[in-house]
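Visitor: Please take a close look at the pockets of this model, and describe their linings with care.

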Amino acid sequence: MKLNSEARAIYKSIREAIKKRIQLRESITYLDKFEPTNDRNEILRRQTYFKKNLPKITPELKGILAKIRPIRFKKGFLHDRLLIVDEDDIEKAQALGVCEVSTEPLEGYDLILSTTGIGIDVELSISEIAPELYVMPLWENRETLKALVQIGGIRSVAGPILEKLKELEEVMKRRELLNDLNEIISTEEKRLNEKMAEKLERFSLTLTGKELLEFLKELREGNYDAIFRHFSEIESEILEEISEAEKRLSEKL
């Protein structure tokens, strides 16, 4: 539909005003579809669309839209697994580019996947060979999925996806824990060392000057029986601290 210069300027200013208020970049593409038209059926279709959807625009919607982020799926090469295929499928499997491919088992891989009955049976698809490439972006963008459910209601595909992701909650907690394992152990080790140092310092303060000199002499001479005899007084306390540390670690793991 052709517009005169004045009408075109008005249309352009209205469009720019709407564009400035758009929160999702993808919506700009949808806005481009609303070109001026004199087609009666198209006008009626647009009227129906706005009558149906304008009531959904509420003050709360802005906050919901702010939670939506693009979910990007990136293909990566996973070095922890080997895919075994027939000779006929070798090129197709390599073209997927997600892991090492072979026609026979090789050493050095945590996972052995196969389309030939060796190891874990999979289909020749990325979703089966490396499902985490799809699952992890969805898991990390659960807030976006929840926002989409609020906007789309029962029609949104985000709902069923979230239901499936719930089944992974325990696995993901374990995964997060394993990622933090070194830090957890390091913290517990530091705490245990501090406790033991405190007890040893308290023990050394209870020795008289003569006893301390005798203890140091035995330490230099490597008289371990004598050393252990000196420490027998706090041995049970040290063992108790070690036991408590092990208990805390077992509860976390």
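Guide: Helices here are DSSP runs of H or I with at least four residues, numbered from the N terminus. The model is predicted, so that local features need pLDDT of at least 70 and side-chain atom pairs pLDDT 80 or more, whereas totals for chains, interfaces and linings use all residues. Residues are numbered from 1 along each chain as its sequence is written, and side-chain values use heavy atoms, without hydrogens or water.

The second largest pocket (an open set of points on a 1 Å grid over the protein atoms alone, where a 1.4 Å probe fits, with protein on both sides within 12 Å along at least five of seven lines) holds about 230 Å³ of space, a volume being the space filled by probe spheres set on the points. Its lining, meaning residues with an atom within 4 Å of a point, comprises 13 residues, with Leu24, Arg25, Glu26, Ile68 and Pro70 nearest the centre. Helices H4 and H8 each contribute at least two of the lining residues.

The largest pocket has a volume of about 1500 Å³ and is lined by 31 residues, among which Ser27, Tyr30, Tyr49, Ile57 and Leu61 lie nearest its centre. At least two lining residues come from each of H1 (5–21), H2 (26–31), H3 (40–53), H4 (59–66) and H8 (142–152), and H1 supplies the largest share, five residues.

As for chemistry, with Ala, Val, Leu, Ile, Met, Phe, Trp, Tyr, Cys and Pro counted as nonpolar, Asp, Glu, Lys and Arg as charged, and the others, Gly among them, as polar, the lining of the largest pocket divides into 18 nonpolar, six polar and seven charged residues, and that of the second largest pocket into seven nonpolar, two polar and four charged.
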